[in-house]
Amino acid sequence: MTMHATTADDIPVVGSRDASPAHDRADDTLDQARLMDHAYDGIREYDNPLPGWWNLIFAATFVVAFLYFAYYNIAGWGKTPAEKYQIALAGWQAGYRGGPGGGGPSVTEEMLAAGVQNPDVVARGAEVFTSRCIGCHAADGRGQIGPNLTDLYQIHGTTRLDLYGTILGGAPGTAMIAWGEVMKPAEIIAVATYVSSLRGKNLPGKEPQGKSVPALAP
Ligand code: HEC
């Protein structure tokens, strides 16, 4: 094995503007004046300065970063996404709790009563009931851990809207959570409609709880 003597012509130059694969290396004239002193693993390089436009953009990022920081964090003129979210959430909650039965402004007793006449809404409500509620109220609503939803007794209020309000906001201190925090408004409306359609079916199940209430108008 013979050691190969390294000459300046053998050393590849990184960053040479002339470099191209098709280039005949014999024609390569190394510009010794532009070569930098160091060699890494035998590789020499020219000192090619970064273009002016690049430096300008780099400097501009510092200016923008400072203005951004000043705008959002020092002066407090701008709202961060987290702050915007908090404001939007507070507004939504104010409207949500402000409506009848503690629910959305558009939910009314008439709307729930009309929903009972709509098989699509009742079917959707039954679906939701099966996936979320039967663990405590049993598959047909006759009650288990939770009260019997088919008898003419109600713990919270008397109307359909009261059922809706209980489902939406829950019964604090009991296993009945606020489903408004878990489900979409349309699902709550559908399941409340379905539950109100159960009342009066009087299935034998959990003992009566709450006060006696009149049957709901069909
Ligand atoms: C983890 C058990 C549990 C689950 C799941 C549950 N509930 Fe309840 N629910 C209860 C309990 C317990 C009560 C009684 C609360 C009380 O004593 O104030 C109740 C009360 C209610 C009431 C009020 C009844 C009344 O007499 O005023 C309605 C309506 C109701 N639940 C509907 C639902 C619906 C709809 C779902 C599914 C989206 C559901 N519940 C899921 C346990 C549960």
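Hi everyone. Let me start with the contacts in this chain: counting those with a separation of 6 or more, 65% are between residues 24 or more positions apart. Keep in mind that what you see above is a predicted model.

Now the overall layout. The chain has 218 residues, and 20% of them count as buried. Its secondary structure comes to seven helices and five strands. If you read along the sequence, the pattern is β-β-β-α-α-α-α-α-β-α-α-β.

Let's begin with the strands. How many of the six residues of β2 are buried? The count is zero, so to speak of cover here, strand β2, residues 35-40, is hardly covered. Its partner is strand β3, residues 43-46, and the two pair in the antiparallel sense over three bridges. You can find two of the facing positions yourselves: Ala39 stands opposite Arg44, and Tyr40 stands opposite Ile43. The hairpin of β2 and β3 has two residues between the strands, and Asp41 takes a positive phi there, near 50°.

Now on to the helices. In general, a pair of packed helices is described by two things, the angle between their axes and the distance between those axes. I'd like to use α7, residues 185-198, as our reference, and look at two helices that meet it.

The first partner on my list is α3, residues 109-116, whose axis comes within 9 Å of the α7 axis, with a crossing angle of roughly 70°. That angle makes α3 roughly perpendicular to α7. On the α3 side, the residues in this contact are Leu112, Gly115 and Val116, and they meet Ile189, Ala192, Thr193, Ser196 and Ser197 of α7. Sorted by class, that contact of α3 with α7 has four nonpolar and four polar residues, with no charged ones.

Next comes α4, residues 119-132. Here the axes of α4 and α7 come within 7 Å and cross at roughly 95°, which makes α4 roughly perpendicular to α7. From α4, the contact takes in Val121, Val122, Arg124, Gly125, Ala126, Val128 and Phe129; from α7, the residues are Glu187, Ala190, Val191, Thr193, Tyr194 and Ser197. The contact of α4 with α7 has eight nonpolar, three polar and two charged residues.

That brings me to the ligand. Which residues around the ligand come nearest? There are 24 residues around it, and Cys133, Cys136, Gly146, Ala171 and Met176 come nearest. As for the helices, α4, α5, α6 and α7 each supply at least two residues of the shell. For those following on screen, α5 is 134-137 and α6 is 160-169. By class, the shell around the ligand has 15 nonpolar, eight polar and one charged residues.

Finally, a stop at Gln144, which sits in the loop between α5 and β4. Is Gln144 buried or partly exposed? Gln144 has 15 C-beta neighbours inside 10 Å, so it counts as partly exposed. Setting aside neighbours within four places in sequence, Gln144 is in contact with Cys136, His137, Ala138 and Lys206. You may recall Cys136 from the list of residues that come nearest to the ligand. There is also Glu207: it is 63 residues from Gln144 along the chain, yet their C-alpha atoms are separated by 9.4 Å.

That's my tour, and thanks for listening!

Note on methods
Residues are numbered from 1 along each chain as its sequence is written. This is a predicted model: local features need pLDDT of at least 70, side-chain atom pairs count only at pLDDT 80 or more; totals for chains, interfaces and linings use all residues. A residue is near a molecule or strand if its C-beta atom, placed from the backbone, lies within 6 Å of it. Helices (H or I, at least four residues) and strands (E, at least two) are DSSP runs, numbered from the N terminus. Ala, Val, Leu, Ile, Met, Phe, Trp, Tyr, Cys and Pro count as nonpolar, Asp, Glu, Lys and Arg as charged, and the others, Gly among them, as polar. Axes are lines fitted to C-alpha atoms, for helices over the stretch in contact, and angles run from 0 to 180 degrees between N-to-C directions. Angles under 35 degrees count as roughly parallel, over 145 as roughly antiparallel, 65 to 115 as roughly perpendicular and the rest as oblique. Two residues are in contact if their C-beta atoms, placed from the backbone, lie within 7 Å. A residue is buried if 20 or more other C-beta atoms lie within 10 Å of its own, exposed if 12 or fewer, and partly exposed in between; C-beta atoms are placed from the backbone. Two strands pair if DSSP finds at least two bridges between them.
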